[in-house]
Amino acid sequence: MEAGDMGKIIAVEYVTLDGVFEEPSWSGPYFNDELGAWQDANLTEADALLLGRKTYEGFKAAWPGMEEATGHFGKKMNAMPKHVATTSLTEPEWNAAFLTGEVSDAVAALRAGSESLLINGSADLVNYLTRHNLIDEYRIMVFPVVVGEGRKLWHDGTKVALSLTKTWTTKTGVEVSTYVPA
């Protein structure tokens, strides 16, 4: 990046056709080498993770034990810095730093630097940052499954106009679309 360039905040999310994002065990039958390579590229281009508390706690519990099975991806996931939005946790672990003060101000300060920040999961944080116009790119994987119930990615009241910049479909039918704020 050149002097004066800002970092980017990129949200990468798994959703079903009916908009559910939580507990994505439904993604397993559709996850293939294409998505694996794409997810590896997303992680490789990021300097740090930006996570909500729930996702941070879930990742922190899972990823350290998955490093051997996931190779480069797991090593990068475990080693990279994590910025976590939390008001209830007090002891950062797993290369984490907790955001202090107003979350939108803390994230804007991170974005003003040259770091590329990747958000996975963290729906509350994604919705909050969307309302504060702080996400630069949304990379959404829509899996060809309807689960009928579960937590949706988008909260009622979250509104954003987006422009599609890229889309492709995996051999298993997952539509991968990249959007930027319109």
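This is a short walk through two helices, some salt bridges and one surface patch in a predicted model.

I will start with helix H1, which covers residues 33-45. What span should its 13 residues have, at 1.5 Å a residue? The expected figure is 18 Å, and the end C-alpha atoms are 18 Å apart, so the two agree.

Next, which residues of H1 are buried? They are Leu35, Trp38, Gln39, Asn42 and Leu43. Looking down the axis of H1, these buried residues fall within an arc of 135 degrees, so they line one face of the helix. As background, an α-helix has 3.6 residues a turn, so residues three or four places apart point the same way.

Take glutamine 39 as an example from H1. Its relative accessible area is 9%, and buried means under 20%, so glutamine 39 counts as buried. What does glutamine 39 touch, leaving aside neighbours within four places in sequence? Its contacts are Val12, Tyr14, Phe31, Phe73 and Met141.

Now to helix H4, residues 103-112. The buried residues here are Ser104, Ala106, Val107, Leu110 and Arg111. Seen down the axis of H4, they fall within an arc of 165 degrees, so they too line one face of their helix. On the face of H4 turned away from that buried side sit Asp105 and Ala109, which are exposed.

Where do the buried residues of H4 pack? They pack against four strands, E1 (9-16), E2 (48-52), E3 (82-85) and E5 (117-120), and against helix H5 (123-131).

That brings me to the salt bridges. How many are there in the whole structure? The search finds 8. I will go through three of them.

In one, arginine 111 pairs with aspartate 136, at 2.7 Å from N to O. Arginine 111 belongs to helix H4, while aspartate 136 is in the loop between H5 and E6, and 25 residues separate the two. Buried or exposed? Both arginine 111 and aspartate 136 are buried.

Another salt bridge joins arginine 139 and glutamate 45, with the closest N and O atoms 3.2 Å apart. This pair links distant parts of the chain: arginine 139 is in strand E6 (residues 137-143) and glutamate 45 is in helix H1, 94 residues apart. Arginine 139 is buried, with a relative accessible area of 9%. Glutamate 45 has 39% relative accessibility and counts as partly exposed, because that class lies between the 20% and 50% cut-offs.

The third pair is aspartate 124 and lysine 54, whose side chains meet at 4.0 Å, N to O. Here aspartate 124 comes from helix H5 and lysine 54 from helix H2 (residues 53-62), 70 residues apart. Aspartate 124, at 37% relative accessibility, is partly exposed.

Last, the surface. Which residues form a nonpolar patch there? They are Trp154, Val160 and Leu162, with about 210 Å² of accessible area together. Of these, leucine 162 lies in strand E7, residues 162-169. Its relative accessible area is 30%, so leucine 162 is partly exposed.

To recap on the two helices: the buried residues of H1 line one face, and so do those of H4. Helix H1 supplies glutamate 45 to a salt bridge with strand E6, and helix H4 supplies arginine 111 to one with the loop between H5 and E6.

Key:
Residues are numbered from 1 along each chain as its sequence is written. This is a predicted model: local features need pLDDT of at least 70, side-chain atom pairs count only at pLDDT 80 or more; totals for chains, interfaces and linings use all residues. Side-chain values use heavy atoms; hydrogens and water are left out. The expected span of a helix is 1.5 Å times one less than its number of residues. Buried means under 20% relative accessible area, exposed over 50%, partly exposed in between (1.4 Å probe, protein chains only). The arc is that of the directions from the helix axis to the C-beta atoms. Patches are made of residues with over 30% relative accessible area and no salt bridge: like charges are joined within 9 Å, nonpolar side chains (Val, Leu, Ile, Met, Phe, Trp, Tyr) within 5 Å. Accessible areas come from the Shrake-Rupley method with a 1.4 Å probe; for residues, only the protein chains shown count as cover. Contact means heavy atoms within 4.5 Å.
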